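Work through the exercises below with the structure open. Try each task before reading its solution.

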Amino acid sequence: MAENVDAIVIGGGQAGPFLAVRLAQAGMKTVIIERSHMGGTCVNNGCMPTKTMVASARVAHMARRAAEYGVALAGDVRVDMKAVKARKDKIVEASSTGLVKWIEGTENLELIWGTARFTGPREIEVGGRVFSAPRIFLNTGGSPVVPDWPGLAEVSYLTNESIMDLDVLPDHLIIVGGSYIGLEFAQMFRRFGSRVTVVEHGERLISREDPDVSDTIREILEGEGIAIHLNSRDISVAPMDGGGVKLNANVGGVSMTAEGSHLLLAIGRTPNVEALNLGVTDVVVTERGFIKVDDQLRTNVEGIWAMGDVTGHGAFTHTSYNDFEIVAANLLDNDPRRVSDRIDTYALFIDPPLGRVGMSEADIRRSGRKALVGLMPMTRVGRAKEKGETQGFMKVFVDAESELFLGAAFLCTEGDEIVHIILDAMAGKVPYTVLKRAMHIHPTVSELIPTMLQELKPLE
Ligand SMILES: Cc1cc2nc3c(=O)[nH]c(=O)nc-3n(C[C@H](O)[C@H](O)[C@H](O)COP(=O)(O)OP(=O)(O)OC[C@H]3O[C@@H](n4cnc5c(N)ncnc54)[C@H](O)[C@@H]3O)c2cc1C
Ligand SMILES: NC(=O)c1ccc[n+]([C@@H]2O[C@H](COP(=O)([O-])OP(=O)(O)OC[C@H]3O[C@@H](n4cnc5c(N)ncnc54)[C@H](O)[C@@H]3O)[C@@H](O)[C@H]2O)c1
């Protein structure tokens, strides 16, 4: 016999727990089901651990640069990977257990550990218990793509999940994939002291960005000693005598071999739908396996919603959390929020970081609209010089007619933070002429935003 509840939430990622608590607080008897760790990818093997490790890597990097700032350190900089991992584990553990305590302390809400699957159009089975509810929310996230390269089954490889258990320094880390995951780990491990090789299929790193962004990122990473191979094809791998992995590929028409102590796969993520057994429901998935949702995150089946990475609408923690806000607003607050209300924004957490919002130059050219562009190399920014961090640039795009911002790329020190100035101007539909006249604090990086806006030129 099915246990009847008011709502079932599957997945404890970046939308599910928050929605489950809101539903329970609204008086609905709710269950939330999680198969491994509360907090999902972000907390356990995504944003939080990587940014914790990025912070350790930056300390090592700055320690190596100490003499440039007139600071003398005795001896070489050495990274203790066990201590790096312990620091990361402590921060992750506190966040994950904090979420569990919050959920367990919420009235009307039951947390069930296990893998949930549909056993009927509206029935969910987990660990021998069967639940039925008029409202079901799917927040099952994604998993690393594992390709079928020749030899992969014979070697040991890492993903963003298993690399979290690593407590030794790889002698030579080969990373396949030169996008978010690949580049954040590449710089981090290089700074920890590994040799790092990145092998990327595309003709540029992080190829959804404009070429000037990709090229500057490449220069920054190569400047730190990372080997980068673009245009890779036909990858095969084999184990090496005495451990490690040999990777063969065709790179731009030339065959290349890299011998690594470790191999990290960073070639994208795939939605977690298989375990859900959606076949017994009428829920439609797209060709790429994402759960199809409308602008308010309803699936095609009444009473079933999906949120987060599993929908394919954004693949970030902030998009998943925003999905929770949209569903909660529609269900509980009589507020018809929509996915299409949000402005695309994200960051790549290399150092210096890339903060991005809205359209790229390529998007604007495709749209055919008239635009103005502002560019500020960091070599012109006083605060960047004072900090010794003059790599990168700031770039903004403005609609020539409406004078509203179209987008921006801040590849610079604090770029992940200051991009919010443009994001909030876009959210408030504030024309650039307002920011151009604003008085900013000296000496900051943001101080040069009004200056950049005073020097806009037509995008030719
Ligand atoms: C290495 C890495 C770094 C990242 N860094 C950033 C970053 O800096 N900023 C950013 O915005 N984003 C980052 N992301 C992306 C971010 O982690 C994801 O976009 C976000 O976690 C998606 O949240 P979600 O709620 O969709 O799902 P997830 O966080 O993936 O959670 C889904 C949960 O559902 C559970 N689950 C799945 N199927 C079932 C089932 N059948 N039954 C029960 N439970 C199930 C899973 O165990 C998981 O806990 C990063 C990702 C990675 C991999
Ligand atoms: N800073 C952040 O917000 C952050 C950080 C990490 C991950 N993430 C999220 O995680 C998701 C997954 O990240 P990702 O970097 O794995 O995926 P991605 O889809 O962004 O990039 C995958 C990269 O691998 C390359 N690739 C694919 N197949 C290949 C092959 N056979 N050989 C060589 N290269 C190949 C692609 O060309 C691409 O550059 C992203 O969508 C992102 O949203 C976000």
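**Exercise 1.** Find how many helices and strands the chain has, and work out why it is as compact as a globular protein of its length.

*Solution.* Start with the elements: this predicted model has twelve helices and 24 strands in the chain. Next, take the radius of gyration, which is 24 Å. The globule rule gives 23 Å for 460 residues. The two values are close, so the chain is as compact as a globular protein of that length. For the extent, use the principal axes: the C-alpha trace spans about 70 × 65 × 45 Å.

**Exercise 2.** Determine what share of the residues is buried, and what share of the contacts links residues 24 or more positions apart.

*Solution.* Buried means under 20% relative accessible area. By that cut-off, 52% of the 460 residues count as buried. Now take the contacts with a separation of 6 or more: residues 24 or more positions apart account for 64% of them.

**Exercise 3.** Describe the shell around ligand 2 and name its polar contacts.

*Solution.* Count first: 21 residues surround ligand 2. Sort them next: twelve are nonpolar, five polar and four charged. Then locate them: helix H5 (180-192) gives the most, with three residues. Strand S13 (232-239) supplies at least two.

Now the polar contacts. An oxygen atom of the ligand lies 2.7 Å from a side-chain N or O atom of Ser 179. A nitrogen atom of ligand 2 is 2.8 Å from a side-chain N or O atom of Glu 184. At His 201, a polar backbone atom is 3.1 Å from a ligand nitrogen. Finally, the cover: the protein hides 78% of the 840 Å² of accessible area that ligand 2 has on its own.

Technical notes: Residues are numbered from 1 along each chain as its sequence is written. Chains are lettered from A and ligands numbered from 1 in the order in which they are written. This is a predicted model: local features need pLDDT of at least 70, side-chain atom pairs count only at pLDDT 80 or more; totals for chains, interfaces and linings use all residues. Side-chain values use heavy atoms; hydrogens and water are left out. A residue is near a molecule or strand if one of its heavy atoms lies within 4 Å of it. A polar contact is a pair of N or O atoms within 3.5 Å; within protein, one must be able to donate a hydrogen and the other to accept it, and residues adjacent in sequence count only if both atoms are side-chain atoms. Accessible areas come from the Shrake-Rupley method with a 1.4 Å probe; for residues, only the protein chains shown count as cover. Helices (H or I, at least four residues) and strands (E, at least two) are DSSP runs, numbered from the N terminus. Ala, Val, Leu, Ile, Met, Phe, Trp, Tyr, Cys and Pro count as nonpolar, Asp, Glu, Lys and Arg as charged, and the others, Gly among them, as polar. The radius of gyration is taken over C-alpha atoms; the globule rule is 2.2 Å times the number of residues to the power 0.38. Buried means under 20% relative accessible area, exposed over 50%, partly exposed in between (1.4 Å probe, protein chains only). Contact means heavy atoms within 4.5 Å.
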